[in-house]
Amino acid sequence: VIALVTPSDIDNANIDTLHPYDATPDMKQRGWNASVSDNQALGQRFTLASSFSIKQFDVDVRPKYSTPSQVRVNGVAGNYFNRFDRNSRRYDAGSTLSAAIDNRWGAHLLNIGGQFAHASYDGIDASLPVVVSRTDGTPLRRIDFIGASAAAASKNEEAAFVEDQWSVNANLMLHAGVRYGRDSLSDDHTFAPRFDASVVPFAGRNTVVKAGIGQFHGKLPLNADGFTARQRRVVTDLEGSPFDGRSIVFENRLGADGLRTPTTTTWNAELDHEIARDLLARVSYRRSSGSRQLVVDSIENEALVLSSNGSSRSREF
């Protein structure tokens, strides 16, 4: 059994040159989590590991004043724009059955398991007006926020997996598995296969070649739930701007296809060589391609649209 309490008070959060004293909020954080786990040996070849945890995290962000925030060329001034008070809780439960199997084709470590989680929050997300100024300090644009400030969301996550770590012989290790998942915010049923291998190609065992490929499914943040019910932006161009006096209300909308579970496909290759007893050389390359990433796009004069149309690419050497 493990328990942890994490209280924190931060005055002038994120204060720096562009965010002076007046433009920083004061933040209070209160958190605790507790977990219990149990490991059982079921004979000589099987083990069962089970766990349950609860996590509570509350955060309160308060601007110093009730006046508008000023966005200027040299930074933010006047006040912090957002009042945020959220109380969140998460429950996690999981169990994994492991089996060690030896036969003439090598040694296997087989894992089969499942997980369930429930997360929720409620609170206030209220924004103050923001005034954008020109280089000479005169106001150019004002952004107001209208609508209810109450915010709440909840979701369930289910997952199951099976994997096998196969030691074929002293020079070859194979690892393969597949993971099923479901997130109630998208209601997607996802399957994520993974495979990697380690090979010792030469005698002496001082060189190892590794390679792998896998698909990974991310989690939709709770903030995505209820996006359409969040406060709306009213953008007003002030006197002297190119659109003098124009006022636009931006509605909050979801993309036509709704929200999807973010997906990333990653592959990597690595070469390790022990040059001397205390000196290891490593060369590695990793590439990832992401799809269904959450993005917010602005439709001119009409809406802010949250969709899963984003993509990402990364390469690492």
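Here is a short chat about how a few labels in this predicted model are earned.

Reader: Why is Q56 called buried?

Author: Buried means under 20% relative accessible area. Q56 has 12%, so the label fits. As for its place, Q56 lies in strand β4, residues 46-62.

Reader: What does Q56 touch there?

Author: Leaving out residues up to four places away in sequence, Q56 touches R30, G31, W32, N87, S88 and R89.

Reader: What makes the link between Q56 and R89 a polar contact?

Author: The cut-off is a pair of N or O atoms within 3.5 Å. The side chains of Q56 and R89 are joined at 2.6 Å, so they pass. The side chain of Q56 also reaches the backbone oxygen of S88, at 3.4 Å.

Reader: Why is the pair E270 and K210 called a salt bridge?

Author: You need a side-chain nitrogen of Lys or Arg within 4 Å of a carboxyl oxygen of Asp or Glu. Here the N to O distance is 3.8 Å, so the pair counts. E270 sits in strand β17 (residues 263-276) and K210 in strand β14 (residues 207-217), so this bridge ties together parts 60 residues apart in sequence.

Reader: Is E270 buried or exposed, and what about K210?

Author: E270 has a relative accessible area of 15%, so it's buried. K210 comes in at 31%, so it counts as partly exposed, the label for values between 20% and 50%.

Reader: Which salt bridges does R282 make with E270 and D272?

Author: R282 meets E270 at 3.2 Å, N to O. Those two are 12 residues apart, with E270 in strand β17 and R282 in strand β18 (residues 279-299), so the pair ties those parts together. R282 also meets D272 at 2.9 Å, N to O. D272 is in strand β17, 10 residues from R282. At 6% relative accessibility, D272 is buried too.

Reader: How many salt bridges are there by this rule?

Author: The count comes to 23. Some share partners, and R90, D92, K155, E157, D183 and K219 are joined that way into one network.

Reader: What makes the phi of D187 worth pointing out?

Author: Most residues other than glycine have a negative phi. D187 isn't a glycine, yet its phi is positive, about 60 degrees. You'll find D187 in the loop between β12 (172-183) and β13 (188-199). N12 isn't a glycine either, and its phi is also positive at about 60 degrees; N12 is in the loop between β2 (8-10) and β3 (26-42).

Notes
Residues numbered from 1 in each chain as written. Predicted model: local features only at pLDDT ≥ 70, side-chain atom pairs only at ≥ 80, totals over all residues. Heavy atoms only, no water. Helix = DSSP H or I, 4+ residues; strand = E, 2+ residues; numbered from the N terminus. Buried < 20%, exposed > 50% of the residue type's maximum accessible area, 1.4 Å probe, protein only. Polar contact = N/O pair within 3.5 Å; in protein donor to acceptor, adjacent residues only side chain to side chain. Contact = heavy atoms within 4.5 Å.
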